[in-house]
Amino acid sequence: MYQSKIAGLGKYVPENVVTNDDLSKIMDTNDAWIQERTGIKERRHIKKGDGNTTASMGFKAAKIALERANISKDEIDLIVFATLSPDYYFPGCGVQIQEMLEIDTCPALDVRNQCSGFIYGLSVADQFIKTGMYKNVLLIGSENHSGGLDFTTRGRSVSVIFGDGAGAAVLTRSDHVGQGILSTHLHSEGKHALELSLKGPSTNHWVPEIIAENLAAGGEDSQEDIPYYPYMNGQFVFKNAVARFSEVIMEGLKENGLDVKDIDMLIPHQANLRISQFIQQKFQLRDDQVYNNIQRYGNTTAASIPIALTEAWEEGKIKEGDTIVLAAFGSGFTWASAVIEW
Ligand code: UT7
């Protein structure tokens with residue numbers, strides 16, 4: 001049995017910065033509300049014509065990760081792409097990355113686990129490397145949220161939260177026993193699927209039908225009734241998030257005979273600064289043991305952990321031998337954790 005480790009990290013975010021004040025010009029919201037409830041000060045949005053898409057941002061992050069890992073595109077055995085906002089309904093973004101990297105052929109797998117997508121993808125990559133089937137896996141999390149949000153007051157409780165961006169990691173076989181991914185834990189609870197969801201267009205709710213319904217309703221439906229914008233039962237999601245984050249972090253630590261005091265760096269999915277602070281307080285972690293950048297990027301779903309991990313590494317906050325814990329919760333509901341010896 002082999003072990004996998006992260007050999008390189010990269011991130012890309014669009015240049016276009018959208019502040020809370022910018023949003024307050026197009027909907028009934030304000031900087032104070034957004035900062036107090038979420039911690040977010042600004043986020044990045046793709047600008048029409050800047051050439052960014054979910055796949056192309058993922059490609060830019062992947063190029064950096066590959067360079068840092070010193071692994072050529074021809075050495076990639078598998079691409080895993082996590083997103084909830086693919087460029088096309090089908091095929092997935094994984095094959096687009098394969099084409100953009102000019103790899104002749106290779107397996108490319110898309111993961112649809114929303115905010116937990118990166119850790120789900122990490123787990124998939126880890127299993128393939130562990131069994132010896134593959135040596136190098138390119139894992140990407142990328143999202144274009146701004147292309148599909150309701151930027152009217154009706155959608156404000158969701159649209160102020162999400163941002164665009166991408167992060168990538170190259171996983172490779174570890175030469176040192178005990179160094180690398182120690183464990184991953186994955187969960188889901190589909191009974192809450194619609195509490196945080198985008199229902200259409202889908203195979204049972206196609207575009208002409210949606211347009212006709214919206215016209216008939218005069219376009220004045222509540223956020224919940226509009227199937228082509230994301231819906232979130234915010235407080236319900238929040239309550240579940242804090243409980244599941246705690247559980248899955250403890251599950252990962254316990255599996256490895258570790259305790260919260262052994263955590264050198266916790267990188268939570270950037271869902272809401274209040275959630276991260278709740279976890280930090282509960283586990284009595286110092287500020288330097290928890291990495292947050294939601295203030296600058298908002299919630300970038302599958303991209304949030306790899307962007308944060310990349311920044312923490314770039315800032316020298318992750319050192320060899322550190323115990324790193326990743327944790328996520330999101331739509332599905334799905335939640336997951338990974339414990340890594342760096
Ligand atoms: O990444 C996946 C996981 N996601 C999460 O874990 C997110 C979990 N949920 C949350 O982060 C929070 O529930 C939100 C940030 C989404 C909302 O915060 P909240 O404290 O739960 O606010 P709320 O939805 O209860 O709304 C409170 C008030 C409402 O007004 P009334 O009914 O009290 O008059 C909303 O209409 O705030 C109003 N409101 C806003 N006001 C200004 C909602 N959105 C906004 C806004 N600006 N953007």
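Visitor: Which residue has a polar backbone atom 3.0 Å from a nitrogen atom of the ligand?
Guide: The model under discussion is predicted. A pair of N or O atoms counts as a polar contact within 3.5 Å. The ligand nitrogen makes its 3.0 Å approach to a backbone atom, and that atom belongs to glycine 234.

Visitor: At what distance does a polar side-chain atom of glutamine 235 lie from an oxygen atom of the ligand?
Guide: Here the protein partner is a side-chain atom of glutamine 235, and the ligand partner is an oxygen atom. The separation of the two atoms is 2.6 Å.

Visitor: What percentage of the ligand's accessible area does the protein cover?
Guide: On its own, the ligand has 970 Å² of accessible area. The part of this area covered by the protein is 75%.

Visitor: Which residue has a polar side-chain atom 2.6 Å from a nitrogen atom of the ligand?
Guide: The shell around the ligand holds 24 residues, and those that come nearest include Arg37, Asn272 and Asn299. Thr29 and Gln235 are also among the nearest. The side-chain atom found 2.6 Å from a ligand nitrogen is that of threonine 29.

Visitor: Which helix gives the largest share of the shell around the ligand?
Guide: The ligand sits in the second largest pocket. At least two shell residues come from each of helix 2 (31-38), helix 6 (156-159), helix 8 (234-255), helix 9 (273-282) and strand 12 (323-330). The largest share amounts to 5 residues, and its source is helix 8.

Visitor: Is glutamine 277 of helix 9 buried, partly exposed or exposed?
Guide: Glutamine 277 belongs to helix 9. A residue is buried under 20% relative accessible area and exposed over 50%. Since its relative accessibility is 40%, glutamine 277 is partly exposed.

Visitor: How far apart are the C-alpha atoms of glutamine 277 and aspartate 287?
Guide: Along the chain, glutamine 277 and aspartate 287 are 10 residues apart. In space, their C-alpha atoms are separated by 9.3 Å.

Visitor: Is isoleucine 294 buried or exposed?
Guide: Isoleucine 294 is part of helix 10 (residues 294-297). Its contacts include Thr38, Ile40, Glu42, Leu273 and Asn299. Because its relative accessible area is 0%, isoleucine 294 is buried.

Visitor: What is the C-alpha to C-alpha distance between isoleucine 294 and arginine 43?
Guide: In sequence, isoleucine 294 and arginine 43 are 251 residues apart. In space, C-alpha to C-alpha, they are separated by 8.2 Å.

Visitor: Which residue offers the backbone oxygen that lies 3.3 Å from the side chain of glutamine 3?
Guide: Glutamine 3 is located in the segment before strand 1 (4-12), and its relative accessibility of 16% is why it counts as buried. Its side chain reaches the backbone nitrogen of glycine 178 at 2.9 Å. The backbone oxygen reached by the side chain at 3.3 Å is that of isoleucine 181.

Visitor: Which residue has a backbone oxygen 2.9 Å from a polar side-chain atom of serine 174?
Guide: Serine 174 occupies the loop between strand 7 (165-173) and strand 8 (180-188). At 11% relative accessibility, it counts as buried. Its contacts include Gln3, Ser4 and Lys5. The backbone oxygen 2.9 Å from its side chain is that of glutamine 179.

Technical notes: Residues are numbered from 1 along each chain as its sequence is written. This is a predicted model: local features need pLDDT of at least 70, side-chain atom pairs count only at pLDDT 80 or more; totals for chains, interfaces and linings use all residues. Side-chain values use heavy atoms; hydrogens and water are left out. Helices (H or I, at least four residues) and strands (E, at least two) are DSSP runs, numbered from the N terminus. Buried means under 20% relative accessible area, exposed over 50%, partly exposed in between (1.4 Å probe, protein chains only). A polar contact is a pair of N or O atoms within 3.5 Å; within protein, one must be able to donate a hydrogen and the other to accept it, and residues adjacent in sequence count only if both atoms are side-chain atoms. A residue is near a molecule or strand if one of its heavy atoms lies within 4 Å of it. Accessible areas come from the Shrake-Rupley method with a 1.4 Å probe; for residues, only the protein chains shown count as cover. On a 1 Å grid over the protein atoms alone, a cavity is a set of points where a 1.4 Å probe fits but cannot get out, and a pocket is an open set with protein on both sides within 12 Å along at least five of seven lines; lining residues have an atom within 4 Å of a point. A molecule sits in a cavity or pocket if more than half of its atoms lie within 2 Å of its grid points. Contact means heavy atoms within 4.5 Å. Lists of a residue's contacts leave out its neighbours within four places in sequence.
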